[in-house]
Number of protein chains: 2
Amino acid sequence: MYRGRASAVVRPGSTEEVSKVLALANEHRIPVVPQAGNTGLVGAQIPIGGEIVLSVGRLKRVRVVDPQGFTMMVEAGLTLAEAQTVADDVNRLFPLSLPSEGTCQIGGNLGTNAGGVGVLAYGNARQLVLGLEVVLADGRVWNGLNALKKDNTGYDLKDLFIGSEGTLGVITAAVLKLFPRPAEKATAFVGLSGLDSALALFNLAQETAGPSFTAFEVMPHLVLDIIVRHVAGARRPFAAPHPWYALLETSGLKADGTAERVLTDALTAASERGIIDDAVIASSLGQARDFWRLRESYSEAQKPVGASVKNDVSVPVAAIPEFIRRADAAVERICPGARPLPISHFGDGNVHYNIAQPEGMASDRFMGLWDDIVHAVHETVLGLNGSISAEHGIGVMKREELAQVKGDVAMDLMRKIKAAFDPKGILNPGKVL
Amino acid sequence: MYRGRASAVVRPGSTEEVSKVLALANEHRIPVVPQAGNTGLVGAQIPIGGEIVLSVGRLKRVRVVDPQGFTMMVEAGLTLAEAQTVADDVNRLFPLSLPSEGTCQIGGNLGTNAGGVGVLAYGNARQLVLGLEVVLADGRVWNGLNALKKDNTGYDLKDLFIGSEGTLGVITAAVLKLFPRPAEKATAFVGLSGLDSALALFNLAQETAGPSFTAFEVMPHLVLDIIVRHVAGARRPFAAPHPWYALLETSGLKADGTAERVLTDALTAASERGIIDDAVIASSLGQARDFWRLRESYSEAQKPVGASVKNDVSVPVAAIPEFIRRADAAVERICPGARPLPISHFGDGNVHYNIAQPEGMASDRFMGLWDDIVHAVHETVLGLNGSISAEHGIGVMKREELAQVKGDVAMDLMRKIKAAFDPKGILNPGKVL
């Protein structure tokens, strides 16, 4: 969707080199686009206006691994998968997990406050960061690399940089939280009659499984159907179709069967109350992986279906069923026959509400409806006190809308922060604000 | 320690009234000190310079309680205990918990990013907030009252206000996270030979009990001794003394004995490995309350012992033993016979490192050593990459030191934020920065 044209790509190998690049760029008012793994979906990392691209991909040092203290300090250019492996190697869990984890990098994960499938139990990227090192627009380095769980010394600068999409500074390193690595997991695929059942099941599982309840993903039959049709090796979990499906996971610190027992108890209770129609608990690691592959093949499976309009939104969890009903109706009014393909990190209130073109329609014609469809979806979201960007950020895609939905006070405060941190406006111009 | 003299106290009854007060004060450049429950320990809420006090104590509406969505929206003047009760009444837990909870108010809890005894499992106040309503210095109202777990729309303004101690805006309402209420708890008091054993026990309990491990407080024999001597009804948990003690708690969502089993398993494993010397698990709610009362009587018990120098610091968890050894030695050099009374939210790396005067010394003479002692303690903290304020904040007490420890870059960014948010400097002048 976005085509960039960089006037140059600089690939510094250290924080000092990042500092020198930015000091020089700032002196000469040369705009710079920070870039990590280049997997962002809203264009924040794209040099739209011919800027210099500053890649953090060579900042790959693992500076400290402290399994006892449950922290590690890594540089911004590690891929998320590499960071997970660093933790894994000392019997710890770094719980951030995204389909793009083999490519996306820590700097981008923090710059965008990435979400993913681990948020239910462990929080967004923001919640996984104890300290940061950031190079400012003028080349000065802010060393906020502490590894403390409590530190009330002045304003929270760290959380200002996280999610600022490279407009306030360039994150070069971070102290990340680690967790005990689960010794066992249990995974189930569940058939549901509707979205209200999904909400009831989520509430029941949260109350019975509590903190051991580590994932809850929801999709309608059409999504599962296109996945099994178009993704090699994907198999239907049930012989008969159900209107909706949920993928549940529980985790346990000891390999004593507790995770599966807790999951079974929750599903048994749900069945007795008529909340679920069918359920299968994975009987092997291979089957659990198969269930997860269904979820992770979502993007891949959409491509053969034709053009699609993409939305990443959130509402309060209890409003998800109402949101999807209203959005489906709104989309049908604008483009009869369009095929909503919502998939949801349900427990986070987050819906990837993508819509595939009607069968047989010309892609161009459907994509011409992008603005109308997105506008209708966002109106629906705002009517339910939701957010027009749950985890993907603003970038260039939602920049104009941001000013409309945030209100004048918030926009004024954000612009003042931007002006204070980057007075010459060299950092990622035209993004976010 | 701080004596204020307010030129007036205004007690607005609504956000609109707070807005009008601040608009007028800003127009006439009249300095304003926001005040909630007035329990802060660093002077942030005191009108040192004759300012107007703006009390949020009349903002007591519970605007929304949503047990299904695990949130509540309350105003800043609710006491923490009242907020806990609102959650309790719908079978939910609001986990922030402090000894002053009967008096301190939500506005102050968030303005200072309060910590307390629930941080190990649930995080600081910051982690418990989904949305905020804030009145700015010029009277404009920022409505950031969303109830979303994911919202990546622009800069994180919310976390900038949290912990800013009333210098960037006045928090008038918040959307707070609720949790499933534990159906059972198990509580143990443990005797330890030393601090290294406390660290080993903490690591073992975290690995075996995981998220059900909800509290871990540590104190030396001298602290327990002054508590049982000076607090009515306080009883020694063991007949024989131990050099150190830990208070452990586990929680479970079902009343099926799991919490106690998990705690027993952890203590049994600790005993087999020689980590603990003795342990008693509370056999009744009354006994559990008695154990907790020992912890909560810490401040009360210090008064009869004479003057004391107070420190609220943090270090990485694994560095706590070394911190206390070094700090004890440093204090002894400055004031032989002074009695360190450290008590620790151990799992948070947070030590309340208070020091009682030597027996028989004049209080005035001891208090004259305040700066020397605090300086030595803070040097020790900084040598271990710690923080000079873990949960109490900066206020006036640590304002001068802040500039010394944060570095020029952080101070410059904070000052720019302050100037952007409160250009006339009317909000809590002389605090934090």
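**View 1. Salt bridges across the whole structure.** A search over all chains turns up 48 salt bridges, each one a side-chain nitrogen of Lys or Arg within 4 Å of a carboxyl oxygen of Asp or Glu. Side chains of opposite charge can pair when their charged atoms come close. This is a predicted model, where local features need pLDDT of at least 70, side-chain atom pairs count only at pLDDT 80 or more, and totals for chains, interfaces and linings use all residues. Residues are numbered from 1 along each chain as its sequence is written, chains are lettered from A and ligands numbered from 1 in the order in which they are written, and side-chain values use heavy atoms, leaving out hydrogens and water.

**View 2. A:E217 and A:R295, a buried pair.** Here the closest N and O atoms of the salt bridge sit 2.7 Å apart. The pair links distant parts of chain A: A:E217 belongs to strand 12 (residues 213-220) and A:R295 to helix 9, 78 residues apart. Helices (H or I, at least four residues) and strands (E, at least two) are DSSP runs, numbered from the N terminus. A:E217 is buried at 3% relative accessible area, and A:R295 is buried too, at 6%; buried means under 20%, exposed over 50%, partly exposed in between (1.4 Å probe, protein chains only).

**View 3. Helix 9 of chain A.** The buried residues of this helix are A:A288, A:F291, A:W292, A:L294 and A:R295. Seen down the helix axis, they fall within an arc of 145 degrees, so they line one face; the arc is that of the directions from the axis to the C-beta atoms. As for length, the 12 residues (285-296) should span 16 Å at 1.5 Å a residue, and the end C-alpha atoms are indeed 16 Å apart. That expected span is 1.5 Å times one less than the number of residues.

**View 4. B:K60 and B:E82, a loop-to-helix pair.** These side chains meet in a salt bridge at 2.9 Å, N to O. B:K60 lies in the loop between strand 3 (52-55) and strand 4 (62-66) of chain B, and B:E82 in helix 2 (residues 80-88), so the pair ties together parts that are 22 residues apart in sequence. Both are partly exposed: B:K60 at 38% relative accessibility, B:E82 at 32%.

**View 5. Chains A and B.** Chain B superposes on chain A by a rotation of 180 degrees with 0.0 Å of shift along the axis (RMSD 0.0 Å). That's the relation of a two-fold axis; the least-squares fit takes C-alpha atoms of residues with pLDDT of at least 70 in both copies.
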